Amino acid sequence: MHLRLLRLFLGFAAFAWGISVVGVFASWPQVNGIAQGMGAKPIAYDPMLDYWLRMAAGAFALIGGWYLVLMLWPQKFHAAIPWFGALMLVEGLILLIHGLRLSLPPFPFYGDVSACFLGGAGILFMAHHAKPE
């Protein structure tokens, strides 16, 4: 039961980070449309911004891949699980600080911060259940 709950939190994190893979493959107009749907103003095409988008999206998707690995084999990688729980909490704090500093609207700011805090806390709280017996 506890291991299933841990896997649920890890799977949530894998999805939350891994969805960024869209940014690796989507065209600039598609990415611009997605960003505008989340409240951004239109962004003029710039090759360097396109490159940084792919770099950040790839990094986030790879992090999501590691959460997926932890979800699939939590006992094998039990020592890494608390680190990845802490990573979510630190990211949540970064988002909270800068979202407040920038006076961002609630969507998607509150959801991102909540996902990081709830996911990270859940992973940290349940991490000890992954230790092999």
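How many residues apart in helix α4 are Arg54 and Asp50? The legends below take this up in the second view, after a look at the whole chain in this predicted model.

**View 1. The whole chain is built from 6 helices and 0 strands.** Welcome to the overview. Walking from the N terminus, you meet the elements in the order α-α-α-α-α-α. The C-alpha atoms fit a box of roughly 55 × 30 × 20 Å along the principal axes. The chain has 133 residues, and 30% of them count as buried. Take the contacts in the chain with a separation of 6 or more: 75% of these come from residues 24 or more positions apart.

**View 2. A salt bridge joins the side chains of Arg54 and Asp50.** Here is the reply to the opening question: the two residues are 4 apart in helix α4, so about one helical turn separates them. The distance from N to O is 2.6 Å. Asp50 has a relative accessible area of 14%, so this residue is buried. As you look around the rest of the model, keep in mind that the structure holds 1 salt bridge.

**View 3. Helix α4 packs against helix α5.** Helix α4 covers residues 47-72 and helix α5 covers residues 81-101. Their axes lie 11 Å apart, at an angle of about 140 degrees. This angle is why α4 is described as oblique to α5. The crossing of α4 past α5 is left-handed. To find the contact, look on α4 for Ile63, Trp66, Tyr67 and Leu70, and on α5 for Ile81, Phe84, Leu87 and Met88. Sorted by type, the residues of this contact come to 8 nonpolar, no polar and no charged.

**View 4. Helix α5 also crosses helix α6.** The two axes come within 8 Å and cross at roughly 155 degrees. With that angle over 145 degrees, α5 is therefore roughly antiparallel to α6. Here, too, a left-handed crossing is found, with α5 passing α6. The residues that make the contact of α5 with α6 divide into 17 nonpolar, 5 polar and 2 charged.

**View 5. Ser103 sits in the loop between α5 and α6.** Pause on the backbone at this point: phi of Ser103 is near 50 degrees, a positive value in a residue other than glycine. Is the residue buried or exposed? Ser103 has 62% relative accessibility, so it counts as exposed.

**View 6. A cis peptide bond links Phe107 and Pro108.** For this bond, omega is about 0 degrees. Pro108 belongs to helix α6, which spans residues 106-126.

**View 7. Asn32 is a buried residue of helix α3.** This helix takes in residues 28-37. The relative accessibility of Asn32 is 12%, and with buried meaning under 20%, Asn32 therefore counts as buried. Which residues does Asn32 touch, once its neighbours within four places in sequence are left aside? Asn32 is then in contact with Lys41, Pro42 and Ile43.

Definitions and conventions
Residues numbered from 1 in each chain as written. Predicted model: local features only at pLDDT ≥ 70, side-chain atom pairs only at ≥ 80, totals over all residues. Heavy atoms only, no water. Axes fitted to C-alpha atoms, helices over the stretch in contact; angles between N-to-C directions. Parallel < 35°, antiparallel > 145°, perpendicular 65-115°, else oblique. Left-handed = near helix turned anticlockwise from the far one by under 90°. Contact = heavy atoms within 4.5 Å. Nonpolar A, V, L, I, M, F, W, Y, C, P; charged D, E, K, R; others polar. Salt bridge = Lys/Arg side-chain N within 4 Å of Asp/Glu carboxyl O. Buried < 20%, exposed > 50% of the residue type's maximum accessible area, 1.4 Å probe, protein only.
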